[in-house]
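This report looks at a few selected residues, their places in the fold and their surroundings. Please keep the sequence and the structure at hand while reading.

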Amino acid sequence: MEDLDTPVLDDHMHLDPDHGRGIDAVEDFARLGGTHLLVVNKPSWHLGVEPGDPDAVDPEAAGEEFREVFERTIEVVERASDVLDGRAWPVLGVHPGLISRLVDERGFAPEDARDVMRAGIDVAAEYVADGSALALKSGRPHYEVSDAVWDASNAVMRRAFECGAELGCAVQLHAEASEDMTEVAEWAEDAGLPADRVVKHYAGGRLAGPIPSVMSEKDRLRVAAESGEPFLMETDFVDDPDRPGAVLGPKTVPRRVRWLLDEGHEDAVRRAHVETPRAVYGIDTVGTLGE
């Protein structure tokens, strides 16, 4: 295995325990020098879970249906930790694209879809509360939707902020491309969750409001490295055999860390892989090496 003489964290990766590369992808990451992972549950429908009944909406019962997704994610994270020199942590929640699946494909009213998704967030929060998961995942669609769906999605995201504030945990967001999400950060603050515990997944190198989890492309990383601001690095590896070239592969973050070091950005590497993970998630990427 390559030793980059630093912890190397991929802040947002998916692992499919049944149909994808799974632990083989983790082994690729580790061989190139990767040490730590935040593994986000795949969208529920990708794992065959279609929560709720539009003709008899019972949000609490629908929320319970997400447990299968969360449990399977926790299991694959435990297996990933066995491969890594550091460890992996689960990030659990409800993909914001679910609202379109519920409303457009399954006939839910936006308000009912909102309630189902908030119930899923509540169940994810239980895993954070008992220490089985590190953080929550929420957000809103990154594509055009109706005003009713937009409002419902924002209500789901606000519930995630409320849960994060109550638990003292970070919230990762899947949302539209933007360099300014100060309004969303203010919503988090209003709920009692500090803005620096809100992470914008799939971010560019510059972002006002939440902490950017920067897609590990050189142009984006150069901006983040030179900014002097906190940031994280990710691939959003989707582990989908039907989309083998989608987003970035599991070797990308360690390769980009090597590139940043070669470019003289040692301080930025420490920021992204030691200081920001500690500040945002409360994790010790140095102290967990060799566990």
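Where is the place of Cys169? Cys169 lies in the loop between α6 (147-167) and β5 (171-174), where helices (H or I, at least four residues) and strands (E, at least two) are DSSP runs numbered from the N terminus. The model is predicted, so that local features need pLDDT of at least 70 and side-chain atom pairs count only at pLDDT 80 or more, while totals for chains, interfaces and linings use all residues. Residues are numbered from 1 along each chain as its sequence is written, and side-chain values use heavy atoms, with hydrogens and water left out.

Cys169 is buried, with a relative accessible area of 3%; here buried means under 20% relative accessible area, exposed means over 50%, and partly exposed is in between (1.4 Å probe, protein chains only). Leaving aside residues up to four places away in sequence, Cys169 touches Val128, Leu134, Ala135, Leu136, Gly164, Leu193 and Arg197, a contact being heavy atoms within 4.5 Å. Between Cys169 and Gly290 there are 25 Å in space, C-alpha to C-alpha, and the two are 121 residues apart in sequence.

Thr73, in helix α3 (residues 67-83), is also a residue that counts as buried, at 5% relative accessibility. Its contacts, not counting residues up to four places away in sequence, are Val39, Val40, Asn41 and Leu92.

Helix α1 (residues 23-31) has the buried residues Ile23, Ala25, Val26, Asp28, Phe29 and Ala30. The cover over these buried residues of α1 includes β1 (9-13), β2 (36-40), α3 and α9 (252-262). In general, an α-helix has 3.6 residues a turn, so residues three or four places apart point the same way. After α1 comes Gly33, whose phi is positive, near 115 degrees.

Two residues other than glycine also have a positive phi, as the table shows.

| Residue | Phi | Place | Relative accessible area |
|---|---|---|---|
| Tyr202 | about 60 degrees | strand β6 (residues 198-203) | 37%, partly exposed |
| Asp236 | near 55 degrees | loop between β8 (232-234) and α9 | 9%, buried |

Finally, Glu183 is found in helix α7 (residues 182-191) and is partly exposed, with a relative accessible area of 47%.
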